[in-house]
Amino acid sequence: MKYLAILGVAAFAIACDSPTSPNTAASIAPASRVANAVVTNDRVETLTGAPNNCNGDVLILTATWHTVFAVTFDGAGGFHLKQHVNIQGQGSDAGTGVDYVVTDVANSEFNGSFGFENTYTESYNLIAKGKAPNAWVQIDDHITVTPNGDVSSYHSNFRIVCQ
C-alpha cells in the first residue's frame, strides 16, 4: 500500500508538466536503460533563501533551479525513481553585506518492489566573495529494507565545514 502512495505522488508530479527528454549531459542514465522512463527536465529562476551554516544567517539569493526527474518500471513489478537537482545562484547577507555564490547538487534514487532501497546525496557550497568563511555541507544517506521489512543496510552522514 505504501508503494501505491509513492507511485501516486510520482504520477501527480509528472502530470504537472509535459514529459520532455533531457537536453543536457545531466541526464539520469543512458537512453538505453531508461527507454520506458517518464522524464521531466525543468529549469526555473527564482528568489530563494539559503542558510549560511557558518554564522546562522539566511541569505536571499537569485538562483536557477534545474531539476531532472525520471520514473522507470522494470517489468518485474518494481519501479525506480531518480531525481537530480542542481542549484546555482548569488546574493548577499543583509546583516554583513558579504556577497556569496551558492551551488547545490542533490541526487535521490528510490528503488522499490517487495522491499526498497533509497539513496540521497547532496553537496552544498556557499562561497564568500571576500574574507568571510566559505561553507560546505555534505549529506549522504542510504537505507535498504528487505521484502519482510528488515533493515539490512543503513547509514546517514552529515558534515558542515566552515573554512
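**Entry 1: β2 against β3**

I started at H66, which stands opposite N86 in β3. This is a predicted model, and I read every entry below with that in mind. I then looked for a second pair in the same place and took A70, whose bridge partner in β3 is K82. Next I wanted the full ladder. β2 and strand β3, residues 79–92, pair in the antiparallel sense over 14 bridges. I followed the chain through the turn as well. β2 and β3 form a hairpin with five residues between them. In that turn G75 has a positive phi of about 80°.

**Entry 2: β1 against β2**

I moved to the other side of β2. Here 14 bridges join β1 to β2, and the two run antiparallel. As a sample pair I noted N41, which stands opposite V68 in β2. The β1 and β2 hairpin has six residues between the strands. I checked its backbone and found G56 with a positive phi near 85°.

**Entry 3: β3 against β4**

How many bridges join β3 to β4? I read off 14, with the strands running antiparallel. For a register point I chose G89, and its bridge partner in β4 is V102. The hairpin of β3 and β4 has six residues between the strands. G97 sits in the turn and has a positive phi of about 80°.

I stopped at T96 too, which has its place in the loop between β3 and β4. Is T96 buried or exposed? Neither label fits: at 48% relative accessibility T96 counts as partly exposed, because the exposed class starts only over 50%. I also looked across to D57. T96 and D57 are 39 residues apart along the chain, and their C-alpha atoms are separated by 9.4 Å.

**Entry 4: β4 against β5**

β4 and β5 pair in the antiparallel sense over 15 bridges. One of the facing pairs I logged is N111, standing opposite E117 in β5. The link is brief to describe: a hairpin joins β4 to β5 through one residue.

N111 led me back to L81, a residue of strand β3. L81 and N111 are 30 residues apart in sequence, yet 6.4 Å apart in space, C-alpha to C-alpha. I looked up the exposure of L81 next. Its relative accessibility is 12%, so L81 counts as buried, the limit being under 20%.

**Entry 5: the whole sheet**

With those pairs in hand I stepped back. Seven strands form an open sheet, in the order β1-β2-β3-β4-β5-β6-β7. The pairing is antiparallel. Which strands are at the edges? They are β1 and β7, each of which pairs on one side only. I also took the angle between neighbours. On average, neighbouring strands of this sheet are turned by 10° against each other, direction ignored.

**Entry 6: the disulfide**

I searched for disulfides and got a count of one. The partners are C54 and C162, with their sulfur atoms 2.2 Å apart. That falls inside the cut-off of 2.5 Å, so the pair qualifies. What is the handedness of the bond? The torsion about the S-S bond of C54 and C162 is about -115°, so the disulfide is left-handed.

Then I placed the two cysteines. C54 lies in the loop between β1 (38–51) and β2 (58–73). C162 belongs to strand β7, residues 151–162. The pair therefore ties together parts that are 108 residues apart in sequence. I checked exposure at each end. C54 is partly exposed, at a relative accessible area of 27%. C162 is partly exposed too, at 40%.

**Entry 7: the largest pocket**

Last, I looked for open space. The largest pocket holds about 170 Å³. Its lining has 15 residues. Which of them lie nearest its centre? I listed G49, A50, I87, D104 and Y124.

I sorted the lining by element. Two or more residues come from each of β1, β2, β4 (99–113), β5 (115–129) and β6 (135–145). β1 gives the most, with four residues. I sorted the lining by chemistry as well, and it divides into ten nonpolar, three polar and two charged residues.

Terms used:
Residues numbered from 1 in each chain as written. Predicted model: local features only at pLDDT ≥ 70, side-chain atom pairs only at ≥ 80, totals over all residues. Heavy atoms only, no water. Buried < 20%, exposed > 50% of the residue type's maximum accessible area, 1.4 Å probe, protein only. Pairing = 2+ DSSP bridges. Axes fitted to C-alpha atoms, helices over the stretch in contact; angles between N-to-C directions. 1 Å grid on protein atoms, 1.4 Å probe; cavity = no way out; pocket = protein on both sides within 12 Å on 5 of 7 lines; lining within 4 Å. Points joined across faces, edges and corners; volume = space filled by probe spheres on them. Nonpolar A, V, L, I, M, F, W, Y, C, P; charged D, E, K, R; others polar.
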